[in-house]
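Hi everyone, thanks for coming. I'd like to walk you through a structure today, so here it is on the screen.

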Amino acid sequence: MRYFGLDILAFADELTEAYVEIFTAPPWEHRDAETTRAAFRERLETDAQRPGFRALLAMSENGEVEGFVTGWATPTPFRTDRAYGKVTRRLGTDRANELLVGAFEIDELGVRSQARGTGLGRRLLSALTDAAPSGRAWLLAWNQAHDTLEFYRRIGWQEPEPIPGNETDIVVFLSPS
């Protein structure tokens with residue numbers, strides 16, 4: 001595994017190809033590969049400049065990215081762009097601030113199909129969250145990514161209850177600690 005801050009951009013092409021392969025396969029097969037590639041690359045270049053951005057890559061012997069995880073400490077005030085509005089609606093403003101602000105936010109975790117079932121996803125996630133502030137970390141997942149949801153549950157990540165009637169198409173998970 002390799003650790004990167006802004007240096008991740010030196011591996012942007014390899015990381016982008018892994019991302020596209022993972023996140024245009026089921027259950028995300030409705031995504032267009034070229035649109036996904038362009039959006040991820042743009043987001044990676046922006047996210048790599050965030051304060052506290054960290055990333056880990058697991059590389060195969062032939063130099064391909066087999067898996068990756070990225071994230072940063074969630075700033076205050078809690079953001080409203082991207083899927084953050086859904087998180088706030090699901091948890092409520094006070095709970096989102098209490099549970100998530102200041103915690104380490106896992107933005108992306110991906111493992112290529114040939115490396116699944118090897119424990120790589122768990123190792124990547126643990127390696128990045130072990131140094132989380134106060135041991136607190138969180139992530140969100142799409143509610144239709146059933147294997148992904150089961151993976152997080154199996155390794156001990158916990159779901160705070162949504163406010164009744166405010167369920168969304170995302171699920172928030174808190175780290176086991």
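Reading along the sequence, you get the pattern β-α-α-β-β-α-α-β-α-β-α-β. That adds up to 6 helices and 6 strands in the chain. Keep in mind that this is a predicted model.

Let's start with the overall picture. The C-alpha trace spans about 45 × 30 × 30 Å along its principal axes. For a chain of 177 residues, a compact globule would have a radius of gyration near 16 Å, and this chain has 16 Å, so the two agree. Buried residues make up 46% of the 177. And if you take contacts between residues at least 6 apart in sequence, 70% of them join residues at least 24 apart.

Now, the inside. In soluble globular proteins, nonpolar side chains tend to be buried together. Here, the largest nonpolar core has 32 residues. Which residues have the most contacts inside this core? They are Ile8, Leu57, Phe68, Phe78, Val87, Leu100 and Trp138. Several elements give two or more residues to the core: helices α1 (12-23), α2 (33-47), α3 (84-91) and α4 (93-100), plus strands β2 (54-59), β3 (65-73) and β6 (170-174). The largest share comes from α1, with 6 residues.

Let's zoom in on Val87. Setting aside residues up to four places away in sequence, Val87 touches Phe78, Gly92, Leu100, Trp138, Leu140, Ile170 and Val172. There's also a second, separate core of 23 residues, with Leu56, Leu125, Ala132 and Leu149 among them.

Okay, from packing to empty space. Rolling a probe the size of a water molecule over the atoms shows where empty space is left. The largest pocket holds about 1400 Å³ of space. How many residues line this pocket? There are 45, and Phe23, Trp28, Glu108, Leu109 and Thr148 lie nearest its centre. By class, the pocket lining divides into 25 nonpolar, 8 polar and 12 charged residues. At least two lining residues come from each of α1, α2, α3, β4 (104-111), α5 (120-129), β5 (137-142) and α6 (146-154). Which element gives the most? That's β4, with 7 residues.

Besides that pocket, the structure holds 1 cavity of 30 Å³ or more. The volume of the largest cavity is about 50 Å³. Lining it are Phe40, Arg43, Leu44, Asp47, Phe53, Phe68, Thr70, Asp107 and Glu108. The elements giving two or more residues to this cavity lining are α2, β3 and β4, and α2 gives the most, with 4. By class, you'll find 4 nonpolar, 1 polar and 4 charged residues around the cavity.

One of those cavity residues deserves its own stop. Arg43 sits in helix α2. Is Arg43 buried or exposed? Its relative accessible area is 19%, and the cut-off for buried is under 20%, so Arg43 counts as buried. Leaving aside neighbours within four places in sequence, Arg43 is in contact with Tyr19, Arg82, Asp107 and Glu108.

That list takes us to Arg82, which is found in the loop between β3 and α3. Arg82 isn't a glycine, yet it has a positive phi of about 50°. With a relative accessible area of 39%, Arg82 is partly exposed.

The loop between β3 and α3 is also the place of Pro77. The peptide bond joining Thr76 and Pro77 is cis, with omega about 0°. Where else is there a cis bond? The one from Pro26 to Pro27 is cis too, with omega near 10°. Pro27 is in the loop between α1 and α2.

One last stop: Asp130, in the loop between α5 and β5. Its relative accessibility is 65%, so Asp130 counts as exposed. Asp130 and Ser175 are 45 residues apart along the chain, with 9.9 Å separating their C-alpha atoms.

If you want something to take away, try finding three things on the screen: the 32-residue core, the pocket with its 7 residues from β4, and Arg43 on the cavity lining. Thanks, and I'm happy to go back to any part.

Note on methods
Residues are numbered from 1 along each chain as its sequence is written. This is a predicted model: local features need pLDDT of at least 70, side-chain atom pairs count only at pLDDT 80 or more; totals for chains, interfaces and linings use all residues. Side-chain values use heavy atoms; hydrogens and water are left out. A nonpolar core is a set of buried Ala, Val, Leu, Ile, Met, Phe, Trp, Tyr and Cys residues joined through side-chain atoms within 4.5 Å. Buried means under 20% relative accessible area, exposed over 50%, partly exposed in between (1.4 Å probe, protein chains only). Contact means heavy atoms within 4.5 Å. On a 1 Å grid over the protein atoms alone, a cavity is a set of points where a 1.4 Å probe fits but cannot get out, and a pocket is an open set with protein on both sides within 12 Å along at least five of seven lines; lining residues have an atom within 4 Å of a point. Grid points are joined across faces, edges and corners, and a volume is the space filled by probe spheres set on the points. Ala, Val, Leu, Ile, Met, Phe, Trp, Tyr, Cys and Pro count as nonpolar, Asp, Glu, Lys and Arg as charged, and the others, Gly among them, as polar. The radius of gyration is taken over C-alpha atoms; the globule rule is 2.2 Å times the number of residues to the power 0.38.
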